[in-house]
Amino acid sequence: MITTVGAGDIMQKKKNVVYVVTGEGSIYTFMLAPGHISLEEDGTKARDSRAIKPYSHQKIPPNIVMSVLADIDGDGYPEILFGMTDRVVRSFKWVENTNTKEDVKGWFVTLNKWEFAGQIGNLSSSLSDGVAEIFVSQPGGSCCRLKACVSLNTNSILETNFEPPVYHNPTASRSRNPLMQTQVLAGVSFKETSGRAVRSRQNSSDKSKNIYAVCSFDGSLSVCNEDTVLWEHQTSEHLIGVYPFPLRDEFILVAGSGAVYIVNDEKKMLKLLTTESINGFTAGMC
């Protein structure tokens, strides 16, 4: 059973690598090779299946259910952060080993481990002053922020440390189930009442701002800066996820009933209805 899938330059090869994690405790990687397009007898195009090639296989903890990519050590290449069912987040990095005679010259090693009070809903990453920040959703409309600190030691070698985890619960004053399923999205764009655009730190000169969105299963949406609610909205659906809309100042809310909301930085929402219920969702470019 596959539990999470992702793609990025996780092996420092200047190209994307696909990773697939299974519930049995395995991580498989696949190289993306250029595909060959040929014509079928009826004139339709067919892509050669050899465009994706298996590369490595390794055993890891079996209770991984989610992942996110983020460059937490400042070397310019992303690491994989896994969320687990025992309320733990672990980071893994690919390490090369040129001394081995095996075809696969390297493996994934664990870098960091964090434990949280509640079950993890999802993981989201953004940049703050060029340094990675990880948002970990917690039940009841709250989340926890992990921020890396990258510096040079006396030998001019990059060292990575993390600030103490910071919990944000901006909607604590509202009456809600403390076990309510919650999802978080970091680095969203938002406009204040005055019309001034507020963005995440990597896109704004106002370094006091790092805007994130939180949605809960009870249908509530909150756009927040640390513990301050900038805007909130109550929908009539059970929300199961919040996702970025690439290359646009918008994000997407998804409900299990099949409703999809597109929200822009001016608080305008577009509701789309699908004919089927939704269990998973993603948005991107084809």
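V263 stands opposite M269 in β25, a good place to start looking around. This is a predicted model, where local features need pLDDT of at least 70, side-chain atom pairs count only at pLDDT 80 or more, and totals for chains, interfaces and linings use all residues. Residues are numbered from 1 along each chain as its sequence is written, and side-chain values use heavy atoms, with hydrogens and water left out.

**The sheet around that pair**

- Strand β24, residues 259-264, runs antiparallel to β25, and 5 bridges join the two. Strands here are DSSP runs of E with at least two residues, numbered from the N terminus, and two of them pair if DSSP finds at least two bridges between them.
- Zoom out and you get an open, antiparallel sheet of 4 strands, ordered β22-β23-β24-β25.
- At the edges sit β22 (239-245) and β25 (269-273), each of them pairing on one side only.
- On average, neighbouring strands of this sheet are turned by 20° against each other, ignoring direction. For such angles, axes are lines fitted to C-alpha atoms, and the values run from 0 to 180 degrees between N-to-C directions.

**Salt bridges**

- The whole structure has 9 salt bridges, meaning a side-chain nitrogen of Lys or Arg within 4 Å of a carboxyl oxygen of Asp or Glu.
- One of them joins E79 and K93, with 3.0 Å between the closest N and O atoms. E79 belongs to strand β8 (residues 79-84) and K93 to strand β9 (residues 88-96), so this pair links distant parts of the chain, 14 residues apart.
- E237 and K271 also meet through their side chains, at 3.2 Å from N to O. Since E237 is in the loop between β21 (228-234) and β22 while K271 is in strand β25, the pair ties together parts 34 residues apart in sequence.
- Some partners are shared: D73, D75, E79 and K93 are joined into one network by their salt bridges.
- E115 and K113 form a salt bridge too, at 3.5 Å from N to O.

**Buried or out in the open?**

- Buried means under 20% relative accessible area, exposed means over 50%, and partly exposed is in between (1.4 Å probe, protein chains only).
- E79 is buried at 1%, and K93 is buried at 15%.
- E237 counts as buried at 14%, whereas its partner K271 is partly exposed at 37%.
- E115 is exposed at 60%, while K113 is partly exposed at 43%.
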